[in-house]
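Open your viewer, get the selection panel ready, and follow along. We'll go stop by stop.

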Amino acid sequence: MQFRRDECDLLDRLVDDVGSGESRALVLRGEAGIGKTALLEYVVARASGWRTVRAGGVESEQELGFAGLHQVCAPVLESPTTPTAPTTPTALKALKALPAPQQDALRTVFGLAPGKPPDRFVVGLAVLGLLGEAARDRPLLCLVDDAQWLDRASAQVLGFVARRLRAESVAMIFAVREPATGSEVAELNGLPEAWVGGLSDDQARAMLESAYPGPADQRVLDRVVAESHGNPLALLELPRGFTRAELEGGFGTFGPVVLPGRIEESFLRQFATLSPTTRHVLLVAAAEPVGDPALVWRAVDGLGIAVDAEAASHEAAERFVDFGPRVRFRHPLLRSAIYGAATSEERRRAHWALGEVTDPVTDPDRRAWHRAAAVDVPDEAIAAELEERARRVQARGAAAAAAAFLERAAGLTPDAKRRGQRLLAAAHATYEGGLPAAAPRLIALAEASPLDAREKAQADVLYARSAFALGRGRDATESLFQAATRLESIDAETARRTHLEAIRASWFLADHAPGLTLRELAEAAHNSPRPGPETPVDLLIEGLAVRYGQGYPAAAAVLKKAVAEFCVTAPTGEFGLLLEWFAGSIAVDLWDDEAWGVISRRYEQRSRDESRAALPIALTMRIVNLIVQGELSAAESLMEDFDAVRQATGIYDAPYGGLLLAVWRGRVQEAEDGLAAMVDDATKRGEGVTLIAVGWLRALLANSLGNYQEAVTAGLEATESEREMGYVTLCSLAELVTAAAHAGRHETGAKALARLTSMTEATGTDWALGVTAGCRAMLADDDTAEQGFQEAIARLGRTRIHGELARAHLYYGEWLRRRGRRNDARHELRTAHAMFTERGMVTFAALAARELGAAGERVREGATPASTTLTPQETQIARLVREGLSNAEIADRLFISPRTVEWHLGKVFAKLGITSRRQL
C-alpha cells in the first residue's frame with residue numbers, strides 16, 4: 001500500500017481506536033477499481049488477531065431480503081442449515097446473551113424459525129448486541145464490500161447498527177462503488193466516510209512499470225497512465241488485455257469509452273482466451289451468489305458439460321476466480337463482466353441449472369429466484385411459486401424483497417387480471433416496506449390491467465398514500481377524497497377510513513392552499529354511510545365534523561370520549577395506524593398528557609412492527625411527547641432513528657422533533673437555521689401547519705433567551721389565522737401570552753389569553769388548566785397573581801409536563817423577586833434552575849440563573865467539577881437504572897448495545913464516586 005499512505009493512516013487510527021475498546025464505522029467511497037477492496041485487505045492485515053467477518057453485496061441478490069445480513073451474522077450465529085448446532089461455543093454464548101425477542105427476531109429473518117414479521121429495529125438491536133457479544137474476547141472487524149449491491153433490508157439494519165456503535169470494540173467498514181450502479185445506499189448516508197481517489201501520474205507510472213516490466217512503447221504506457229486517471233485496477237488490468245503488438249506499437253489500443261467499461265473490456269478480452277468449458281463454469285459461478293463451489297459444480301454437471309473440475313479450476317483461478325472453500329472472484333467487476341457478456345439464453349440456462357440443484361428446503365427463496373430467471377415466457381406455476389415466496393419473505397419482515405418477488409411473478413403471469421392483482425400487491429409491499437417513491441410505477445402497471453372497481457379504488461388510495469408520504473401535497477388530499485367517495489358504494493368501512501386519511505392530509509396543509517377545506521372533508525366523512533353499530537371511529541368522525549364546523553370547544557367533549565375509547569382498546573385492522581395517529585394527535589390537542597403518552601408509545605411500536613411508511617410520523621409524535629415530558633436524552637436517541645428512517649426511505653416528515661429539541665437544548669444557531677429551512681420547504685409545499693409550528697418554535701426560542709419582543713412578533717405570526725390547529729395553536733397562544741406579559745404588551749396578551757382559555761377550559765386537564773393559570777397570573781394584578789402561579793405549579797405537578805412545570809416555578813420566582821420577596825423567590829428559582837439543569841434545558845437554566853443573581857444568589861458557572869457532570873445519555877442511563885431496568889432493557893429502550901450501557905455506566909460510577917447500581 002505504498003501509494004495509499006493517507007488512507008492507510010486513517011485506517012491505522014481506526015484500528016488503534018477499536019483496539020483500545022471503542023467502536024468505529026467508516027464508508028469507503030470511490031469508482032470501480034480505485035482500490036477500496038485493497039484497503040479492506042490492508043485493514044485485515046493490520047487487525048491481526050481480531051475476529052473478522054466479511055460480507056459482500058451481490059447484484060443478483062439485491063432482491064433477496066437479509067441476504068447480506070446473513071453473511072455478516074453467519075460466522076457468529078447458528079448455521080442456517082442446522083439451527084440446533086452453533087458453529088462455535090462463542091456463537092452460542094453470543095446468541096444466548098441477547099434478550100429473547102431479539103433472538104426470535106434473528107431466527108425469523110433468517111428463516112430458522114416461524115414467527116411474525118419482526119420490527120426492523122429489533123433486528124438491528126439484535127445484530128448490534130450480537131456483534132458486541134462476539135467482540136468481548138477480542139475486537140471484531142466487519143467488512144462489507146460492494147455495499148451498493150446490498151439488499152435493502154440488510155442495508156437498513158447494517159446502517160442502523162453502524163450508527164449505534166459506541167464501546168463494543170467493533171469496526172464496521174463499508175466499501176461503496178461511486179457512482180452507485182445499484183442501490184443508492186441511502187442507509188449509509190451520514191456515517192463517517194472517506195473518498196478514495198486516483199493515484200498521481202508518478203505513482204501510476206511506478207505501479208504500471210512494476211506490474212508490467214516487459215517491453216512496451218512508452219507512448220502507449222503514457223496513454224494508459226493518462227486515461228486510467230490513476231485507477232489502480234485499470235493500471236494493472238488494461239495491459240493484460242492487450243496483445244504484444246498493441247503494447248509494443250500502440251496498434252489497436254482502446255477507444256474512447258468510460259473507464260469501468262475499459263476495465264470490463266479488458267477482462268472480457270482475457271475471458272475470450274479461455275476454453276469454452278471454463279467460460280461455462282465461470283458463467284455459472286457468476287450467476288451463483290452464495291459462493292458455494294459444490295453448488296456450482298453440480299449445476300455445471302446438470303448442464304451436461306463434460307468438465308475436468310481440477311483443470312477448469314486451475315485455468316480460471318490463474319486470472320479470474322479462486323475455487324477454495326468459497327468461490328471468490330478476484331474483483332467484483334469480473335462477476336458482472338462475465339455475467340453481462342453472456343447471451344440471455346446462456347444466462348437462463350445457468351439459472352435453470354442452479355435452480356435445479358438449490359435445496360428447496362434450506363434455500364427456497366434463491367431456488368425460486370433462479371427458476372424465475374430461467375424463463376422468459378409466462379409461466380403460472382413459477383409465478384405462483386414466487387407469490388408464495390413473497391408471502392414468506394414478507395412474514396420475515398423483508399417487504400422490499402416481497403415486492404420484488406411479486407413484481408417478477410406478475411411478469412410471468414399469463415392472465416391479465418391476475419397480473420394486475422400481483423402488481424397491486426407488489427406496490428402495497430413496496431409502500432409498506434418504506435419505499436413510497438417506487439410504488440407509483442407499480443400502481444401504473446397494475447392499472448393497465450383489468451382491475452375491478454374495488455381494486456381501482458385501492459390503487460387510488462395507495463397512490464395517494466405514497467404522495468402523502470413523499471410530500472404532503474394537495475394532490476394527496478384530492479386523490480384520497482376521490483377514492484373515499486368511490487368506495488362509499490363498495491366498502492363503507494374502508495370509505496370512512498379513507499375519508500380520515502384525506503382529513504389528515506388536509507390537516508398538514510391547514511387550508512393553506514386552495515381546494516377542499518378541513519370543514520368540507522370532515523362533513524363528507526360524517527355524511528358517508530356508516531357500516532354498522534357505533535364505534536370509536538364514528539365518535540372520532542363526529543368530533544372532527546363538530547370541531548371543524550363549530551369549533552374546538554364545542555367538539556372537546558365528544559373528542560375526549562373518543563380518545564378514552566382508543567386508550568382502552570387499540571384500533572385494529574388495516575387502518576389501525578391511521579387511527580393511532582388521530583387518537584394521539586387529538587390527545588395532545590386536548591392537552592391530555594396521560595392519553596398522549598400511552599398512545600404515542602403504542603403508535604411508535606406498532607409502526608415499527610407493521611409499516612415503515614408510518615414510522616417517521618410516529619417517531620415525530622413520540623419525540624415531541626418525550627421532549628414535552630422533559631426526557632430530552634431519550635428524544636435524542638429517537639432522533640437518530642428518525643434521521644436514519646427518513647434517509648433510508650425518502651419519506652418526508654418535517655423535523656419538528658429535532659428543532660423542538662434544539663430549542664429546549666439551547667442550540668440557538670441550529671434552531672434558527674433549521675427553522676429558516678423549514679419555512680422555505682413548507683412554503684414550497686403549501687404546508688400551512690408547518691408555518692404555524694415555526695411561529696410557535698420561534699416564540700419559544702425567543703422566550704427562552706429572554707427576547708420577549710421577538711417572541712411577541714413570532715407568536716402573533718403563529719396565531720394570526722383564526723384556523724385552530726390544536727396543539728401548535730395552543731402552544732403558540734401560551735408563548736404569546738408569556739412574551740406579551742414580559743414585554744408590557746398586556747392588551748395583546750389579554751386577547752391571546754381569552755382565546756387560549758376558551759379552548760383549555762373545554763378540555764379541563766391539569767396540563768391545560770395549569771398552563772392557563774400561569775398565563776393568567778403573568779397578566780394579573782397583585783391580588784390574584786400569586787394564587788394563579790400556585791395553581792399552575794400544583795396542576796402541572798400532577799402531570800408529566802416537566803418543562804412547563806419548571807417554567808411555572810421560574811415565572812413565579814420572577815414575580816416574587818419583583819415584589820421584594822427575595823427568600824421566597826430564591827426557593828422557586830433554585831427549583832426551576834435545578835429542573836432545567838438536570839434535564840439539559842440550557843437557555844431556560846441560564847434565565848433562572850440570571851434571576852437568581854438578581855435575587856442575590858450567585859450561581860457560579862463551573863461550580864460543579866467537570867468530572868462529576870454527566871452527559872445527557874449518562875443522565876438518562878442513570879435515571880433508567882434508578883427505575884430498576886437491567887442493562888439489556890436500557891439498551892433496548894435507548895437503541896444502543898448492552899456493552900455501550902456498561903461503558904456509560906462505568907463512567908457514571910466514576911463521575912459520581914460510587915461503585916454499585918444500588919447507590920444510584
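Before we start, one cut-off to keep in mind: a residue is called buried when its relative accessible area is under 20%. Try it on cysteine 775, which counts as buried because its relative accessibility is 3%. Also bear in mind that you're looking at a predicted model.

**The whole chain**

Zoom out. The protein has 920 residues, and 57% of them count as buried. Color by secondary structure and you get 46 helices and seven strands. About 35700 Å² is exposed, with carbon and sulfur atoms supplying 52% of that. If you look at contacts between residues at least 6 apart in sequence, 70% of them join residues at least 24 apart.

**Color by confidence**

Switch to pLDDT coloring. The mean for the protein is 85, and 89% of its residues reach 70 or more. Which helices sit at the two ends of the confidence range? The lowest is helix α11 (residues 244-249), with a mean of 53, and the highest is helix α39 (residues 766-779), at 97. Now select residues 78-91: the pLDDT there is below 50, and the stretch has 19 contacts in the model beyond near neighbours in sequence. Do likewise with residues 250-257, where the pLDDT is also below 50 and the contacts of that kind come to 18. Where pLDDT is low, don't read the predicted coordinates in detail.

**The five-stranded sheet**

Next, show the strands as arrows and find the open sheet of five strands, ordered β2-β3-β4-β1-β5 with parallel pairing. β2 (51-56) and β5 (193-195) are the edge strands; each has a single partner strand, so one side of each is left without a neighbour in the sheet. On average, neighbouring strands here are turned by 15° against each other, direction ignored.

Stay at the β2 edge. β2 pairs with strand β3 (residues 140-145) in the parallel sense, over six bridges. Click valine 53 and look across: cysteine 142 in β3 stands opposite.

Then bring in helix α1 (residues 5-19). This helix lies across β1 (24-30), β4 (170-177) and β5, and runs at about 160° to β1.

**A cysteine without a partner**

Go back to cysteine 142. Is this residue buried or exposed? Buried, because its relative accessibility is 1%. Now display the cysteine sulfurs. A disulfide is a covalent bond between the sulfur atoms of two cysteines, and the cut-off used here is sulfur atoms within 2.5 Å. Why does cysteine 142 not form a bond with cysteine 73? Because the sulfur of cysteine 73, the closest cysteine sulfur, is 8.4 Å away, which is too far. The count by this cut-off is zero disulfides.

**Two loops with unusual backbone**

Move along from the end of β3 into the loop that leads to α7 (152-163), and select aspartate 146. Its phi is positive, about 50°, although aspartate 146 is not a glycine. Most residues other than glycine have a negative phi. Aspartate 146 counts as buried, at 8% relative accessibility.

Then carry on past the helix to the loop between α7 and β4, where you'll find serine 169. Serine 169 isn't a glycine either, yet has a positive phi of about 60°. Serine 169 is buried too, with a relative accessible area of 9%.

**A helix with many partners**

Select helix α18 (residues 364-373) and show its buried residues as sticks: Asp365, Arg366, Ala368, Trp369, His370 and Ala372. What do they pack against? Turn on α3 (67-73), α13 (276-287), α17 (344-357), α19 (380-395) and α20 (399-411) to see.

**Two last residues**

Jump to helix α27 (residues 536-550) and pick valine 537. Valine 537 is buried, with a relative accessible area of 5%. Leaving aside neighbours within four places in sequence, valine 537 is in contact with Arg497, Leu500, Phe566 and Leu579. Draw a C-alpha to C-alpha distance from valine 537 to alanine 562: they are 25 residues apart in sequence and 7.6 Å apart in space.

Finish in helix α41 (residues 802-818) with histidine 809. Histidine 809 counts as buried, at 11% relative accessibility. Show what histidine 809 touches, not counting residues up to four places away in sequence: Ile793, Glu828, Thr831, Ala832 and Met835.

Methods
Residues are numbered from 1 along each chain as its sequence is written. This is a predicted model: local features need pLDDT of at least 70, side-chain atom pairs count only at pLDDT 80 or more; totals for chains, interfaces and linings use all residues. Side-chain values use heavy atoms; hydrogens and water are left out. Buried means under 20% relative accessible area, exposed over 50%, partly exposed in between (1.4 Å probe, protein chains only). Helices (H or I, at least four residues) and strands (E, at least two) are DSSP runs, numbered from the N terminus. Contact means heavy atoms within 4.5 Å. Accessible areas come from the Shrake-Rupley method with a 1.4 Å probe; for residues, only the protein chains shown count as cover. Two strands pair if DSSP finds at least two bridges between them. Axes are lines fitted to C-alpha atoms, for helices over the stretch in contact, and angles run from 0 to 180 degrees between N-to-C directions. pLDDT is the predictor's confidence in each residue, from 0 to 100.
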